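Biologist: Please take a close look at one part of this model for me. I would like the place where the two chains meet, and what surrounds it.

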Amino acid sequence: MKRNTTYGLLAASFLTVLAPVAQAATVTNVTGEVDVKGHVTGICAVLIDGQPGNSFQGTIDLGELAGADGKLAAGLTGSTISGASKSFTVVCNSATPGVSLSATTMLGDAASVLTGYTKTVNYTAKLDLGQADGTTKTFTYVTAGNPAATTGHLSAPLSGNTNNVTVSVNTLATNGSLLTAGNYGQAGGGTGGVISITITPV
Amino acid sequence: MKNLKTLLGTAMIIALCAPAMAAPVGAVTGEVDVIGHVNGLCSVIVGEGTASSFQGSIDLGNLAGANGKLLSGLTGAAGPFTVICNSGAPHISLAASSLVGSVAPADASYTNVVNYRASLGLGEVSSNNETFYANSQNSATPTATTATLAHALSGNTGNITVGVDTVTAANAILTAGTYGATNGGVGGTITITISPS
């Protein structure tokens, strides 16, 4: 009985010593969270020699418009005209960029037009855009009658490849008369012949 | 053998009861031992109060340049925050998830993943400073950088700063949209834990 009492006293002493140690093991951490965010604004840009710009410019020279008979050359009236195109590299980071295409009739610089002659040449402007899904989206605009601009959206993001935008001209047309000699198109000394393209991030 | 145990038991009792024996016969003695402890603790100081966590935001703004690709030189910082720890050399853990845009890339010429390096700057006692880094990972559970500070954390205010630098992405067009979980995208979370040693 005496021995049991002694052991009990010793055990109680150990408990007294152990209890504070268990309490001291409690620790408190600090957590932190910093949220990083950003955004990418919708843009379209032209890359010229790798440098971004907001416009592209080119000239399609159709050469001699008239055939040996003085009328519009037959080689210019088809749905494709060899060499009558220009390609550019445009980047857009949006899902389905918007497109607007219009063009003006090409006029010669002659001061007057004799009966049986014309200095008015209409054509079809064509805009081909390479898409990221491997397909090509095509827009066309026929200058005759000066209609409203052709507008629409791509069905996929614009391809990130170079020369992904091609502008071309085909299906030239007159009223069938003889073409008046002279320069045709604004850039050639006449008037008109301007194809306008707008590509917007959407 | 029994005698030896009895002798040892008697000796222990004598030793334990020694103060009582010094008292006069019939007196009662008492002893009260006062103890205390200080738990290992790290805490955020907010004004006059404390908190167990701090929170900040770093807005890197528009990530893309005029060519549609990642702008160079993007950096950001949050804080300073004030954290106290009462232990000698606290432990830290730092992890970061990459920024992911809200719109998936259309093909390999696009990307919506932006990586960065997160930094954790800590002011320590005696004007010592340490900075730890973690490269972001495109994962919900990025691997953390862990370390033990070389010194105790400074008791000064503003002893914790969090930064972002070395922002990188694939050489591709960044898809338009919002980046980071708090902005409608995914990721962009820097997670810090500071523990007492």
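Modeller: I will start at the contact between the chains and work outwards to the core, a small sheet and some backbone details.

The model is predicted. Its confidence in chain A comes up again below.

Take the contact first. Chain B puts in 64 residues and chain A puts in 38 residues. On the chain B side, strand S3 (residues 53–62) gives the most, with ten residues. That side of chain B is made up of 34 nonpolar, 28 polar and two charged residues.

S3(B) also pairs across the chains. Eight bridges join S3(B) to strand S2 (residues 30–40) of chain A. The two strands run parallel. Within this pairing, Val36(A) has Ile58(B) as its bridge partner.

Val36(A) leads on to the core. The largest nonpolar core holds 82 residues. Val36(A) is among those with the most contacts inside it, along with Ala125(A), Leu63(B), Val83(B), Val114(B) and Ala118(B). Strand S9 (residues 113–123) of chain B supplies the largest share of this core, six residues.

Ala118(B) deserves its own list. Beyond four places in sequence, Ala118(B) is in contact with Leu94(B), Ala96(B), Tyr133(B), Ala134(B), Ser136(B), Val162(B), Val164(B) and Ile190(B).

Now chain A by itself. Chain A has one helix and 16 strands. Of its 202 residues, 30% count as buried. Among contacts in chain A with a separation of 6 or more, 75% are between residues 24 or more positions apart.

One open sheet in chain A has three strands, in the order S4-S3-S6, with antiparallel pairing. Strand S4 (51–53) and strand S6 (90–92) are the edges, and each pairs on one side only. From one strand to the next, the twist averages 40°. Strand S3 (residues 44–48) of chain A is joined to S4(A) by three bridges. There, Val46(A) stands opposite Gly53(A).

Chain B has a Val46 as well, and this one lies in strand S1 (residues 40–46) of chain B. Val46(B) counts as exposed because 12 other C-beta atoms lie within 10 Å, and the cut-off for exposed is 12 or fewer. Its C-alpha is 8.5 Å from that of Phe81(B), although 35 residues separate the two in sequence.

Some backbone details follow. Most residues other than glycine have a negative phi, and most peptide bonds are trans. Gly79(B) and Pro80(B) are joined by a cis peptide bond, with omega about 5°. Pro80(B) sits in strand S4 (residues 76–81) of chain B.

Asn146(A) has a positive phi, near 50°. Asn146(A) is in the loop between strand S11 (136–142) and strand S12 (150–153) of chain A. With 12 C-beta neighbours inside 10 Å, Asn146(A) counts as exposed.

Ser127(B) also has a positive phi, near 65°. Ser127(B) belongs to the loop between S9 and strand S10 (129–135) of chain B. Ser127(B) is exposed, with 9 other C-beta atoms within 10 Å.

Last, the confidence. Chain A has a mean pLDDT of 87, and 87% of its residues reach 70 or more. Over residues 1–25 of chain A, pLDDT stays under 50. For that stretch the model has ten contacts beyond four places in sequence. Where pLDDT is low, the predicted coordinates should not be read in detail.

Note on methods:
Residues are numbered from 1 along each chain as its sequence is written. Chains are lettered from A and ligands numbered from 1 in the order in which they are written. This is a predicted model: local features need pLDDT of at least 70, side-chain atom pairs count only at pLDDT 80 or more; totals for chains, interfaces and linings use all residues. A nonpolar core is a set of buried Ala, Val, Leu, Ile, Met, Phe, Trp, Tyr and Cys residues joined through C-beta atoms within 7 Å. A residue is buried if 20 or more other C-beta atoms lie within 10 Å of its own, exposed if 12 or fewer, and partly exposed in between; C-beta atoms are placed from the backbone. Helices (H or I, at least four residues) and strands (E, at least two) are DSSP runs, numbered from the N terminus. Two residues are in contact if their C-beta atoms, placed from the backbone, lie within 7 Å. Two strands pair if DSSP finds at least two bridges between them. Axes are lines fitted to C-alpha atoms, for helices over the stretch in contact, and angles run from 0 to 180 degrees between N-to-C directions. Ala, Val, Leu, Ile, Met, Phe, Trp, Tyr, Cys and Pro count as nonpolar, Asp, Glu, Lys and Arg as charged, and the others, Gly among them, as polar. pLDDT is the predictor's confidence in each residue, from 0 to 100.
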